[in-house]
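Got your viewer open? Load the model, switch to a cartoon view, and keep the selection box handy. We'll go stop by stop.

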Amino acid sequence: MTLDSTNSPRVGDELVTVAVCAQQFAIDIMSVREIRGWTQSTPLPNAASHFLGMINLRGLILPVIDLSACLGLGPTSLAPSSVVVVVQIGERQVGLLVDGVCDILIVREGMIQPTPEVGAGNAARFVQGVMTTEQGIIGLLALDHIIPPEAVEAKVG
């Protein structure tokens, strides 16, 4: 897979790293609207297993997705450090349940490498690139592939 240069962070851009099932993933900071502690969500009947439900965010009904389950890593074990990262995907905001927020990275030249092609290609669909840091390998999430805007619309629209 090659990096999509129109959607990839550029040198100097900032990324928020989050912990998901003992791994780290990065989200473009421009997509992050806020970070809030976990609060119980209201489930929707017959929703996908990674869709935890909805929360009221200052009058906005916000769908909440378990990012670990969405990535095929199993459901998140709720802990005091669990947080909801509110991200903008298309015209909608979505909450992503993660184990915690780790750091902010500034993209350097040559930092983001293409995702290795393995298996059926699902990894490359969800992770648009990888970075090697002192903390280990961090996957750069492709939010529009993990939760396509039309899926968000179908859940809450």
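In which strand is Asp 66 found? Select Asp 66 and you land in strand β5. Before going on, a little housekeeping: residues are numbered from 1 along each chain as its sequence is written. This is a predicted model, so local features need pLDDT of at least 70, side-chain atom pairs count only at pLDDT 80 or more, totals for chains, interfaces and linings use all residues, and side-chain values use heavy atoms, with hydrogens and water left out.

**Stop 1: the whole chain**

Zoom out for a moment. The secondary structure of the protein chain comes to four helices and eleven strands; helices (H or I, at least four residues) and strands (E, at least two) are DSSP runs, numbered from the N terminus. Now colour by pLDDT, the predictor's confidence in each residue, from 0 to 100. The chain has a mean of 85, and 84% of its residues reach 70 or more. Select residues 149-156 for helix α4, which has the lowest mean pLDDT among the elements, 50. Then try residues 14-20: that is strand β1, with the highest, 96.

Of the 157 residues in the protein chain, 40% are buried. Buried means under 20% relative accessible area, exposed means over 50%, and partly exposed is in between (1.4 Å probe, protein chains only). Contact means heavy atoms within 4.5 Å. Among contacts between residues at least 6 apart in sequence, 56% join residues at least 24 apart.

**Stop 2: the five-strand sheet**

Back to the sheet that holds β5. Trace its strands in the order β3-β6-β7-β5-β4: five strands, an open sheet, with mixed pairing. Two strands pair if DSSP finds at least two bridges between them. At the edges you'll find β3 (32-37) and β4 (51-57), each pairing on one side only. The twist averages 30° from one strand to the next; axes here are lines fitted to C-alpha atoms (for helices, over the stretch in contact), and angles run from 0 to 180 degrees between N-to-C directions.

Next, select residues 51-57 and 60-66 together. β4 and β5 run antiparallel, joined by six bridges. Pick Phe 51 and look across: its bridge partner in β5 is Ile 65.

Now show the side chain of Asp 66. Is Asp 66 buried or exposed? Asp 66 counts as buried because its relative accessible area is 3%. Add Thr 76 to the selection, and you can see a polar contact of 2.6 Å joining the two side chains. (A polar contact is a pair of N or O atoms within 3.5 Å; within protein, one must be able to donate a hydrogen and the other to accept it, and residues adjacent in sequence count only if both atoms are side-chain atoms.) Leaving out residues up to four places away in sequence, Asp 66 touches His 50, Leu 52, Pro 75, Thr 76 and Leu 97.

**Stop 3: the six-strand sheet**

Over to the other open sheet. Follow the order β8-β1-β2-β11-β10-β9, six strands with mixed pairing. β8 (100-106) and β9 (112-113) are the edge strands, each pairing on one side only.

Start with β1 and strand β2 (residues 23-28), which pair in the antiparallel sense over six bridges. Click Val 16, then find its bridge partner in β2, Ile 27. Move along to β2 and β11: this pair is parallel, over three bridges. Here Ala 26 stands opposite Leu 140 in β11.

Select Gly 136, found in strand β11 (residues 136-141). At 24% relative accessibility, Gly 136 counts as partly exposed. How far apart in space are Gly 136 and Gln 23? They lie 8.9 Å apart, C-alpha to C-alpha, with their positions 113 residues apart in sequence.

**Stop 4: the hairpin**

Highlight β10 and β11, a hairpin with two residues between the strands. Six bridges join them, and they run antiparallel. One pair to click is Thr 132 and its partner in β11, Ile 137.

Thr 133 is in strand β10 (residues 127-133), and counts as buried at 17% relative accessibility. Its side chain makes a polar contact of 3.1 Å with the side chain of Gln 135. Setting aside residues up to four places away in sequence, Thr 133 touches Leu 105, Met 111 and Ile 138.
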